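This report describes a structure through its sheets, helix packings, chain contact and local backbone features. Please read it alongside the sequence and coordinates shown here.

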Amino acid sequence: MSVATTANYLNAEKGIKSWLFTLDHKRIGLMYLFAVMTSFFLGGVFALLIRLELLHPGQDFFTADTYNQLFTLHGAVMIFLFIIPAIPAALGNFVLPLMLGAKDVAFPRLNLASFYIYVVGALFALYSIVAGAVDTGWTFYTPYSTTTSTSVISMTMGAFILGFSSIFTGVNFIATIHKMRAPGMTWFKMPLMVWALYATSIIQVLATPVLGITLLLLVIERTVGIGIFDPAMGGDPVLFQHFFWFYSHPAVYIMVLPGMGIISELVATFSKKKIFGYKLIAYSSLGIALISFLVWGHHMFTSGQSEFSSMVFSFLTFFVGIPSGIKMFNWLATMYKGRITFEAPMLYTIAFMFLFAIGGFTGIMLGAISIDIHMHDTYFVVAHFHYTMMGGTVIAFLGGLHYWWPKIWGRMYNEKLARVAWAFIFVGFNVTFFTQFFLGAQGMPRRYYNYLDQYQPLHMYSTYGSWMLGVGFLIMAYYLIYSIYKGPKAPNNPWGALSMEWQTTSPPIQHNFEDQPVLEHEPYDYDTRMVVNDELIKKEDVKEKEDINV
Amino acid sequence: MDPNGSLIFPSQVSTIAPEVDALFDFILYLSIIFFILVVGGTFYFAWKYRKKGEDTFTKDLSHNNMLEVLWTVIPTILVFIIFVWGFKSYMKMTIPPDTSMEIKVTGQKWFWTFNYAEGATTTNELVVPVNQPVKLLMSSNDVIHSFYVPNFRTKMDVLPNRYTQLWFEATETGEYNLFCTEYCGKGHSEMIGKVKVLTRADYDAWLAGAGNAGANMKPEEFGAKLYKDKACFTCHSIDGSPLVGPSFKGLFGRTEKMTDGSEATADENYIRESILEPQAKVVQGFQPIMPTYQGVLKDEEIDALIAYFKTLK
């Protein structure tokens, strides 16, 4: 069982070529992980610089132009390069086949292609930073984006290319889930993480092309001068907003659904309880995926769209909130009468419940049209989407990262330091973003380089909070990287979880499992199964023993 | 923060504001109840069912139809109430009363212009009478802007290819902030104005005087006032630091290289041309982005500005 002596996917083949040309989903997942973490670092540095400039009104460190480029890059990098691929392409790539008891994804070559397309897209985005960084905001609203002199084309081409990477992953996962499940694993015996990835993939495949077309039209307008969005050439700028949000609203569920999948795994594993309302959670993922296509207009209540459209979009918006609420209740009920332990992944689960609840409630406020008119494009919205995207998705991602870390590397991270980092991140996050609800309600508009003096105290606290967040992530980077080299060896199943990825070695062997595994129990059967020190204990065996003793 | 406002909102100065805040409070209280239920519940269960002693099998509680129906149906009813409430207030803030007076609003990088039916024109300062419905007919000369007055709880995008409208009825006299809330480039955060709410009598007096402002002023004083009122300061400093455009300090009589390589000296005619046809000559190192002030500034106002520039040595 020791790591050093057995062959595994990390040491089976050596040399840089064995990584660059690998078709192993685990290695591709790791390369993705490295890429998205690099992007997260970059986006995080941009965020800290933005907050630094906002410490005081007026010019402190950057000019208005630089500031506008910073918030654009922060948004674009975090969304297109980090949060969209973070859970599906990095963690999902690693765990999906393992969870299904499969050898790999359905199309390993497509998987590798998706990674290289991501790299090419990222290079375009990086090039745009060097060549006069874009200053349009990550939303690229026309006609500003067709008229600004910055490098809009390379950034939008980058996002266009990244879209294909996302589509490839989606197609691959759908095929994998349909065709590669272990014998015995019917649809309703899959882990909920798989359901979440399935729902996510559907959105990725159906929505991403619309973004691709939209960005391409934007590029054509800028280069060839065909008037599609720019009124100076006879186009309609609001059309761009419709197109853009037709992708970008479902995209927020590309971001958050896999996060919800992770939370379903974590809450069951660390409560050692059967997940409550399995089917309702699974269906709610599909429900969210479906309704998410019909709510894009709630980003446009003040855009001049008709009152009737606003009414319909507001109505549907509330109904995308319901399935998320259902999940929250189900997770809570899962904890009831559990046997709960508090390792780092569970701490992130609890943080998720706290932060995502706030993100959700403020979402209900913004769904009400009359309130949204006041809050739209203020810091209230900024705070709301950071609570759902960072408080939801990123926190779930971190939970998942710690959860599967021993499986990925065969090493344990330092639990004590993990708790310290968690505390910094949890408190720092709330200090940074809770203040922004008040800023926004008081009228502070977003994307402001300079602001009125009355907003200074809250901006100051928000900046202090961002420093706490920075410290938390530094500690995390330290103990995670340290553990790869020097961490204590991980058992196969450190958390006593019942899903299939824990039934192979840590790290897994090259082909995941020695033999084709067959589903013997469901992923959440904690009422009849438990794992102690990598040994599966069945309730019926224990009973037999007791009976014999009697 | 607004000293007259609440912890959450700035003071309510329009007829619609109390309604918006009431719905917000309703959702806030509901949210607090549900937050205590869900997150409080999370903490409580986490503590109560923490692992004590040996590993054990746990109970087989896989679902409960009654509970699941309850926590689907109750939130659905609640959000439906919120939807109807929000939509009703929205309809009120969308349909202007027939008694509204109309003011034309033009947004452009990076200032607001207000044209009154009586002929007056203001920049970055919207003057309205109290207790009078006001309808704004808005359009943009360049990119999308958005007209936002937090105290009125109202906001509307200002588009380049069509008119949008917004109405409000101010309920208290005073000065209130006006923000641009659609990102529009370098000067976005400087595109801030004021809404001045006056009593009917004060408003009428202001309107009567607005046509011949500067009549009792020296030209250079009037020019200094215009420099502020017409938002020239957004892009042109008077202390020598270059902003979006060149500084006005020492402008008059200065010789500069233009982007086309020629040289020009800033005399009266140069300044007049630069105000009315800003793209004709652009100083090297700056972008040709200044909008024309044709129709915004009258001849005597341009004269006053030139007189003012002469004093900025």
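## A helix across two strands

In chain B, helix 3 (residues 200-210) lies across strand 4 and strand 10, and its direction makes an angle of about 130° with strand 4 of chain B. The structure is a predicted model, and the descriptions that follow should be read with that in mind. The two strands beneath this description are themselves paired: strand 4 of chain B and strand 10 (residues 193-198) of chain B run parallel and are joined by five bridges. Within strand 10 of chain B, B:V195 is the residue that stands opposite B:L126.

## The two sheets of chain B

Strands 4 and 10 belong to an open sheet of five strands in chain B, ordered 4-10-9-6-7, in which the pairing is mixed. The edges are taken by strand 4 (125-129) and strand 7 of chain B, each of which has a single partner strand, so that one side of each is left without a neighbour in the sheet. From one strand to the next, the twist averages 25°.

Another open sheet of five strands in chain B follows the order 3-2-1-5-8, again with mixed pairing. Here strand 3 and strand 8 (164-169) of chain B are the edge strands, and because each has a single partner strand, one side of each is left without a neighbour in the sheet. The twist in this sheet averages 25° from one strand to the next. Inside the sheet, strand 1 (residues 101-108) and strand 5 (residues 133-140) of chain B run parallel and are joined by seven bridges, and B:S140 in strand 5 of chain B is the bridge partner of B:G107.

## Domains of chain B

Chain B is divided into domain 1 (17-51 + 61-94), domain 2 (101-210) and domain 3 (219-311). Between domain 2 and domain 3 of chain B, the C-alpha centres are 25 Å apart, and the contact takes 13 residues from domain 2 and nine residues from domain 3 of chain B.

On the domain 2 side of this contact, the elements that give two or more residues are strand 2 (111-116) and strand 3 (121-123) of chain B. By class, that side of domain 2 of chain B has two nonpolar, seven polar and four charged residues.

## Contact between the chains

Where chain B meets chain A, the contact takes 72 residues from chain B and 77 residues from chain A. On the chain B side, two or more residues each come from helix 1 (17-48), helix 2 (65-94), strand 6 (145-149), strand 7 (154-158) and strand 9 (174-180) of chain B. Helix 2 of chain B gives the most to this side, with 16 residues. The residues on the side of chain B that touches chain A divide into 36 nonpolar, 21 polar and 15 charged.

Helix 2 of chain B packs with helix 10 (residues 307-335) of chain A at an angle of about 155°, the axes being 9 Å apart. Since angles over 145 degrees count as roughly antiparallel, helix 10 of chain A and helix 2 of chain B are therefore roughly antiparallel to each other, and helix 10 of chain A passes helix 2 of chain B in a right-handed crossing. Residues that meet in this packing include A:F315, A:F318 and A:F329 of helix 10 of chain A, and B:W71, B:F83 and B:F87 of helix 2 of chain B. By class, the contact of these two helices has 14 nonpolar residues, eight polar and one charged.

## A helix pair within chain A

In chain A, helix 8 (residues 237-271) and helix 11 (residues 344-367) pack at an angle of about 120°, with their axes 9 Å apart. That angle makes helix 8 of chain A oblique to helix 11 of chain A, and helix 8 of chain A passes helix 11 of chain A in a left-handed crossing.

The contact is made by A:I263, A:L266, A:V267 and A:F270 of helix 8 of chain A, together with A:P345, A:M346, A:T349 and A:F352 of helix 11 of chain A. By class, seven of these residues are nonpolar, one is polar and none is charged.

## Local backbone features

A cis peptide bond with omega of about 0° joins A:T142 and A:P143, and A:P143 is found in the loop between helix 4 (108-130) and helix 5 (144-147) of chain A. A cis peptide bond also joins A:S506 and A:P507, with omega of about -15°; A:P507 has its place in the loop between helix 15 (456-486) and strand 1 (529-532) of chain A.

In chain B, B:N131 has a positive phi of about 55° although it is not a glycine. The loop between strand 4 and strand 5 of chain B is where B:N131 has its place.

Definitions and conventions
Residues numbered from 1 in each chain as written. Chains lettered and ligands numbered in written order. Predicted model: local features only at pLDDT ≥ 70, side-chain atom pairs only at ≥ 80, totals over all residues. Contact = placed C-beta atoms within 7 Å. Helix = DSSP H or I, 4+ residues; strand = E, 2+ residues; numbered from the N terminus. Nonpolar A, V, L, I, M, F, W, Y, C, P; charged D, E, K, R; others polar. Domains from an automatic or database assignment. Pairing = 2+ DSSP bridges. Axes fitted to C-alpha atoms, helices over the stretch in contact; angles between N-to-C directions. Parallel < 35°, antiparallel > 145°, perpendicular 65-115°, else oblique. Left-handed = near helix turned anticlockwise from the far one by under 90°.
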